[in-house]
Amino acid sequence: MYLQEFLEIAILHFLAVASPGPDFAVTARYSLAYGRRVGRWVALGIGVGILVHVAYSLLGVTLIIHRYQWVYATLLLLGALYLGWIGWQAIQAKPNGQRPESAHAAGQLSRGKAFRVGFITNGLNVKATLFFMTLFVTIIQPTTPTWIKAGYGLYMAIATAAWFAFLASAFTIPAFYDRIWRYGHWIDRVMGALLLFLCGKLLLDWWQVIQVLLGR
């Protein structure tokens, strides 16, 4: 059961981190401006920032779900609608304009500052907050042990840091960045379609919970 749950989390998490957003933008900016070393420290900060969202999801949402089934049903519906909304937004993505040129910084950026940039970017990302609230309510079952949920969170932190560290290196290769910029809207559209499919699945799960609450 936990393997299936983990695979669903891994797929949804990949869709979230691969879709261009604030984390993507800040990694691209600092990698292009200061080089891959600084970009990798930004990526590490982003990965550690994930643990902030994991912590409050574990401490708050789980306790509420265990006690009130109607709260679970409400959050399940809101989570499904949220995924549907971001999926609809992504599927309407338009081609990017002219690609910005790489800037060469006059000086170097310290590792600590690069880390803080990544950490703050992810830690204060409202979309990340909504994503993790949705994930811990709709995908992860209330009966899943806390230590397994913590393991999921640790995996997502490591996977996020690894993904953006890879991008930090790839962004310094002009041919790769050109392709990402040129075809990024197609990536968004495919991911949007997958998120809409997941939204439909979660709505079916919500309806089943409602049937149980109504005693049918």
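## Getting your bearings

Helices here are DSSP runs of at least four residues and strands are runs of at least two, numbered from the N terminus. Counted that way, the chain comes out with eight helices and zero strands. Walk along the sequence and the pattern reads α-α-α-α-α-α-α-α.

Keep in mind that this is a predicted model. Of the 216 residues in the chain, 42% are buried. Contacts tend to reach a long way along the sequence: take the ones between residues at least 6 apart, and 90% of them join residues at least 24 apart.

## How much to trust it

The chain has an average pLDDT of 80, and 88% of the residues score at least 70. Confidence isn't even from helix to helix. Helix α7, covering residues 146-170, has the highest mean at 91, while helix α6, covering residues 126-139, has the lowest at 77. As a rule of thumb, where pLDDT is low, the predicted coordinates should not be read in detail.

## The nonpolar cores

What sits at the heart of the contacts inside the largest nonpolar core? Look for L135, F136 and M156, which have the most contacts within this core of 28 residues. Helices α1, α3 (36-67), α4, α6, α7 and α8 each put in at least two of its residues. To see some of those links up close, pick out L135: leaving aside residues up to four places away in sequence, L135 touches I9, L12, I140 and M156.

There's also a second, separate core, this one with 17 residues. Among its members are V26, Y30, V42 and V117.

## The largest pocket

Now for some empty space. The largest pocket has a volume of about 650 Å³, and 31 residues line it. Which of them lie nearest its centre? Those are A16, S19, P20, G21 and K127.

Several helices share the job of lining this pocket: α1 (2-18), α2 (22-34), α4 (69-91), α6, α7 and α8 (174-213) each give two or more residues. Sort the lining by class and you get 19 nonpolar, nine polar and three charged residues.

## Two buried residues to look up

Start with L76, which is in helix α4. L76 counts as buried because its relative accessible area is 0%, and the cut-off for buried is under 20%. What does L76 touch, once residues up to four places away in sequence are set aside? Its partners are V137, T138, L202, D205, W206 and V209. L76 also makes a nice example of sequence and space telling separate stories: L76 and I139 are 63 residues apart in sequence, yet their C-alpha atoms are 9.0 Å apart.

A18 is the other one, and you'll find it in helix α1. Its relative accessibility is 9%, so A18 counts as buried too. A18 and D188 are 170 residues apart along the chain, with 8.9 Å between their C-alpha atoms.

## Two partly exposed residues

Is K113 buried or partly exposed? K113, in helix α5 (residues 111-123), has a relative accessibility of 43%, so it counts as partly exposed. From K113 to G45 the sequence separation is 68 residues, and the C-alpha to C-alpha distance is 9.6 Å.

A162 gives a similar picture in helix α7. With a relative accessible area of 46%, A162 is partly exposed. Trace along the chain from A162 to I46 and you cover 116 residues, while the C-alpha atoms of the two are separated by 10.0 Å.

Definitions and conventions: Residues are numbered from 1 along each chain as its sequence is written. This is a predicted model: local features need pLDDT of at least 70, side-chain atom pairs count only at pLDDT 80 or more; totals for chains, interfaces and linings use all residues. Side-chain values use heavy atoms; hydrogens and water are left out. pLDDT is the predictor's confidence in each residue, from 0 to 100. Buried means under 20% relative accessible area, exposed over 50%, partly exposed in between (1.4 Å probe, protein chains only). On a 1 Å grid over the protein atoms alone, a cavity is a set of points where a 1.4 Å probe fits but cannot get out, and a pocket is an open set with protein on both sides within 12 Å along at least five of seven lines; lining residues have an atom within 4 Å of a point. Grid points are joined across faces, edges and corners, and a volume is the space filled by probe spheres set on the points. Ala, Val, Leu, Ile, Met, Phe, Trp, Tyr, Cys and Pro count as nonpolar, Asp, Glu, Lys and Arg as charged, and the others, Gly among them, as polar. A nonpolar core is a set of buried Ala, Val, Leu, Ile, Met, Phe, Trp, Tyr and Cys residues joined through side-chain atoms within 4.5 Å. Contact means heavy atoms within 4.5 Å.
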